[in-house]
Amino acid sequence: MKQLMLGNAAVARGLYEAGCRFVSAYPGTPSTEIPECAATYKEIYAEWAPNEKVAYEAALGAAFGGARSFCSMKHVGLNVAADPLFTSSYTGVNGGMVVAVADDPAMHSSQNEQDSRHYAIAAKLPMLEPSDSAECLEFTKLAFELSERFDCPCLLRTCTRVAHSQSLVELSDRVEHMLKPFERNPVKYVMMPANAIKRHPAVEQRTADLVEYAESAAINRVEMGDTEVGYVTSGTGYQYLRECFPNASILKLGMVNPLPVKLIADFAARVKKLIVVEELDGIIETHLRANGIRVDGGKDIFGPCGELSQNRIRAALGMKLPEFVSFDEPVPQRPPALCPGCPHRGLFFTLSKLGVTVMGDIGCYTLGALPPLKALDTTVCMGASISGIHGFNTVRGAESAKNTVAVIGDSTFMHSGITGLVDIVYNKGVSTVMILDNSITGMTGHQQNPTTGKTLKGEDAPAVSLEKLCGAVGVKRVRVCDPYALDELKAIVSEELAADEPSVIIARRPCMLLPEVKAAPALVVDKDKCVGCKLCMQIGCPALSFGDKKAHVDPTLCVGCELCTQMCRVGAICKREAK
Amino acid sequence: MSETKNIMIVGVGGQGTLLASRILGSVLTQQGFDVKMSEVHGMSQRGGSVVTYVKYGERVYSPIVDTGEADFILAFERLEAARWISYLKKDGTLILNDRPISPMPVITGAMEYPADISEKICAKGVKLIASDALEMAENAGNAKSVNVVLIGILSAIMGFDETLWQKALTECVKPKFLELNQKAFALGRAYGQSIK
């Protein structure tokens, strides 16, 4: 019987059925569940790597070693892994290697909406794009075959609506693939100039062979219907189109790099008008125009921003939209917020009060940028807080260093914060770095990392000591504090900002949502003592509200962290028994 | 070909909308429908506005529901009903847990929580089933079972054999919490039947 399966789970199932043996990844929405699901199959070795470059290189090493291997990441993770990506196109593989990259059009949980297809073009690698869970499973298996047949890593591009949608899949058994022997072949695997020069023509020939394959591949599918308009599309675009036009002629491209030429030209010749429907950039459209194929509609009507949807397609084509009722008043936004009891809250409140400039990073703590804390001044990419503060303070001078901090999480620090810290120490910078160590990778939904002492498979592992690591880099001032203790935290931050040398403050307290962290009983407001000054409201805790000139604590949300108790000058917020 | 039906489950991160969609997905799969469900993870889990789309029929294409397309909206909170009401079909039904949860702009005093939301939605001619699902959940033994109470109400409106819903509940809920959730489901279903 068919079963409902998340796109990411279906990719993992595809890994299992294809006989994949090795999985390495760094978490990133919307790709995170692939390695998590892969780890549930005992036949697959699966690990969290410290970052995407390491994950990619580990998977490539496993492929050299003769196994079917896999790595996954979100779109911006492929930027980190771009270095091995390009050269692995030259070395090729031994066992098959598949690389899943999950784009996030509309930026549900990302800092940009880059289109990963550009990487496939630039690195000259094949890329498949599934449009639902059944294709996630099927295309993953096919990607291994293509990887081995054409001797290169094969990319698998998903997006949020494929990765995080469930649809029906049919399961098959696993087909084992024995480890292939590793045969020394420096001309193929040692990419020094003399060898790489020989490999480049092989890469170009492979692209020509892949185009040939694309012309007749079953996953590039023509569905003929009404010939007034023909649509060329891929991925989710197909699903939205079919919902709008059950009888339209559609060329669905399951392989988005390289693109066929003849297949598209033949399709174009069979329809009166040709419209290209693709999310984000106009890559298929540009390909068509470069090959002299007429395009009657594309990015000029759909634009390059955000997600497509059935109504967006209807609107772009001038069709009638379904009627709807609207709510006529402004509806307050409900942005995500730091959870009640979040260890980051008191820290950002302290930084906000000190009035310092804060170079931020990627994680739950990015939410510290939102009102009422409004504590972050920059956020770019993983690790940019530390390297960024070094450049910022170097050009702005000693005064800047006394008023600027970098904040970065434990997992992000392991990902790409270490090298930035080395830069500061080596180049005699004096910046202050705060590591917000909540003992987990939080925002992506609680993944282990090298500092937590657990692996992806849940086994015990050696935990990296952040204190020792920072010390070994050459930082002499390493302080550890509890972000719940506001007065101590403020004192330490002030001392370290004043110091004329680099310092690291490790603000350590586990994420409140971890199962091993037990919540304290909810606090209560003593109505007789509360003077309605709203000081407690400054910390932006979702468990606190204000009405009838008094503060209120929501007993279903409060975890008793006592941050608000520390804010209150009249002692009105207290433990239940103390009242 | 039977028409595709669209359901949206909207609420606040942490209210258990995902369990509700899992139960619904299980019932629809057992019925032999093609089913697609779409949800967003990551940022939106941190107390933000969350939405899950559930679609079923003979053949479902798009995984999302667009404005004016939803046959049912299951709203776990009043403000979220207001936010997503434009997604309801002209003759669609809104099932509402008529309770407020203040979002951050209201907590900080930057904005007011709109008054009389359900009355204003009703005035637009929307078919509204308002309920105090929280009270029913508390009566069942746990405030967190609001999600299953609302599924109970939906089960009464949607039809399908009750045994399918019961089977789905057993599949999706941890054994430890099954009895509690069965109570919550029964309370919701009885309420749904009483006003159908």
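**Cores, sheet and domains of chain A**

In this predicted model, the largest nonpolar core comprises 71 residues. Leu15(A), Phe70(A), Met97(A) and Leu128(A) have the most contacts inside this core. Helix α7 of chain A, residues 133-150, supplies the largest share, with eight residues. A second core lies apart from the 71-residue one and holds 69 residues. Ile435(A), Leu466(A), Cys558(A) and Val559(A) are among its members. In soluble globular proteins, nonpolar side chains tend to be buried together.

Met97(A) was examined further. Neighbours within four places in sequence were set aside. The contacts of Met97(A) then include Tyr56(A), Ala59(A), Leu60(A) and Ala63(A). Ser69(A) and Cys71(A) also touch Met97(A). Further along the chain, Met97(A) meets Phe144(A), Ser147(A), Cys152(A), Pro153(A) and Cys154(A).

Chain A contains an open sheet of seven strands with mixed pairing. The strand order is β3-β2-β4-β5-β7-β6-β12. Strands β3 (45-48) and β12 (255-257) of chain A occupy the edges. Each has a single partner strand, so one side of each is left without a neighbour in the sheet. Within the sheet, β5 (residues 97-103) and β7 (residues 154-159) of chain A run parallel. Six bridges join these two strands. Asp103(A) stands opposite Cys159(A) of β7(A).

The domain assignment divides chain A into domain 1 (3-216), domain 2 (220-316), domain 3 (343-508) and domain 4 (524-574). The centres of domain 2 and domain 4 of chain A, taken over C-alpha atoms, are separated by 56 Å.

How values were computed:
Residues numbered from 1 in each chain as written. Chains lettered and ligands numbered in written order. Predicted model: local features only at pLDDT ≥ 70, side-chain atom pairs only at ≥ 80, totals over all residues. Heavy atoms only, no water. Core = buried A, V, L, I, M, F, W, Y, C linked by side-chain atoms within 4.5 Å. Buried < 20%, exposed > 50% of the residue type's maximum accessible area, 1.4 Å probe, protein only. Helix = DSSP H or I, 4+ residues; strand = E, 2+ residues; numbered from the N terminus. Contact = heavy atoms within 4.5 Å. Pairing = 2+ DSSP bridges. Domains from an automatic or database assignment.
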